[in-house]
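User: Could you walk me through this model and explain the reasoning behind the terms you use?

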Amino acid sequence: MTKSQLIYFPKGHKMKRVFQLAHTLNMAGTETVFMNWYRNIDRSVLQFDFCVNREYTTPLVNEIKLKGGQILIVSHKSGIWGQLKFQYNLYKTLKQHGPYLAFQTHSHWSSGIDCFTAAVAGIKKRYTISHYAQGAQSYSFRIKLLLPLYRLFIYLFSTKRLAVSEEAGNFLYGKYMFFEIIHNGINLQQFAYNPAVRKKKRAELGLENKFVVGNIARFTTPKNHSFLIDIFAEIRKQNPQAHLVLLGTGELEHLIKQKVSQLGLTHAVSFMGVCTNVQDFYQVFDVFLLPSLYEGLPCVAVEAQGSGLPCFLADTIAKETAICNTTFLSLSQSANEWGNVILEMTKNFVRKDESEVIRQAGFDVTEVGKFIQAEYLK
């Protein structure tokens, strides 16, 4: 394949197009955000082109094709020369497949440089978005050294700055650059609590009489699966009927499976991989657990709350995430302390439909879709 390659292009469509610098098409958090936008815009008026770093075979590829989207490949290598080459190929792609109404980058520190390239390519509307937040102590030496330059490029070449939460915005843009919050909306009907689906799916998985702890995340360092396993081990000591269900894949999956085996928990943990029916698994769960080292505003936590689940999140996660039934716990607390809190707070929990609460908080994906479409078109 060439550096920039058209996989699918619908003939004759003349609607206005937005270039989404997506980088990847995994079944993960950032992809959930921009795919939710895509599913909820009027595609007879506005169409997205997705730029990724290699060929993907995930279900998102077929979905984009069926919705009339276009997928472009621009490979990306690390290092200064790799970045320069990427920006050059990005420029060529923008010129070759344009004109574009707007350019949206889902990069992080390089987003200002991406916008510079888009500006050189003649795109007037250039958007950045911050999807996650970390503490300043987590900055690498390179980030600390180049931070003023990164932010200067964002300030000079982006025309609109978005963030999924206040913390995420402050992390990328600093405290003195204006940005706007855009919620990670969800499909309220799809994720609403459904007792019938819960009963059917739990029977299918053989979990009818289990206390099911659930987590949906890629197996990467920020998601903190190792500590999650420690918490579950403590829960199971007190409740032998506890069972852990994990959805996702990633580079650390084999290490987590090894740890589960070493702790003698293989029979009590289910690794489900990537599933297209994620909404059904929220019905199966009794608890949603997310002890991430850092996040922006995770869609999975909003989906879990929309499903009426009690959620236990690390206090590193943006506080705007808490809409209902959510408890924040410190990562400085022990796994035993987490387990005790979870078991105590779920003793008399009554699960119910929380769709209207989620809607009123501004997380209805149809409204988010209207917002992003109006933003691009104005």
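Analyst: Happy to! This is a predicted model. Let's begin with strand S5 (residues 102-105): Ala102 and Gln104 point one way, Phe103 and Thr105 point the other way, and all are buried.

User: What makes you say that S2 and S5 pair?

Analyst: Pairing calls for at least two bridges. Strand S2 (residues 16-23) and S5 have four bridges, in the parallel sense, so they count as paired. One of the links is to valine 18, whose bridge partner in S5 is alanine 102.

User: How do you know that S5 is also joined to S6?

Analyst: The reasoning is alike: four bridges join S5 to strand S6 (residues 125-130), and the two run parallel. Here phenylalanine 103 stands opposite arginine 126 in S6. With helix H4 (residues 111-120), S5 and S6 make a right-handed β-α-β unit.

User: Why is helix H12 called largely enclosed?

Analyst: Buried means under 20% relative accessible area. Eight of the eight residues of H12 (residues 299-306) are buried, so the rest of the structure largely encloses this helix. Among them are Cys299, Glu303 and Gly306. Just after H12, glycine 308 takes a positive phi of about 80°.

User: Which residues have the most contacts inside the largest nonpolar core?

Analyst: They are Leu25, Trp37, Phe48, Tyr282, Phe285, Phe288 and Tyr376, in a core of 71 residues. A second, separate core has 27 residues, including Val213 and Ala335.

User: What is tryptophan 37 in contact with, leaving aside its neighbours within four places in sequence?

Analyst: Its contacts, set by heavy atoms within 4.5 Å, include Phe48, Gln104, Ile372 and Tyr376.

Terms used: Residues are numbered from 1 along each chain as its sequence is written. This is a predicted model: local features need pLDDT of at least 70, side-chain atom pairs count only at pLDDT 80 or more; totals for chains, interfaces and linings use all residues. Side-chain values use heavy atoms; hydrogens and water are left out. Buried means under 20% relative accessible area, exposed over 50%, partly exposed in between (1.4 Å probe, protein chains only). A nonpolar core is a set of buried Ala, Val, Leu, Ile, Met, Phe, Trp, Tyr and Cys residues joined through side-chain atoms within 4.5 Å. A crossover is right-handed if, with the strands pointing away from the viewer, the path from the first strand over the helix to the second runs clockwise.
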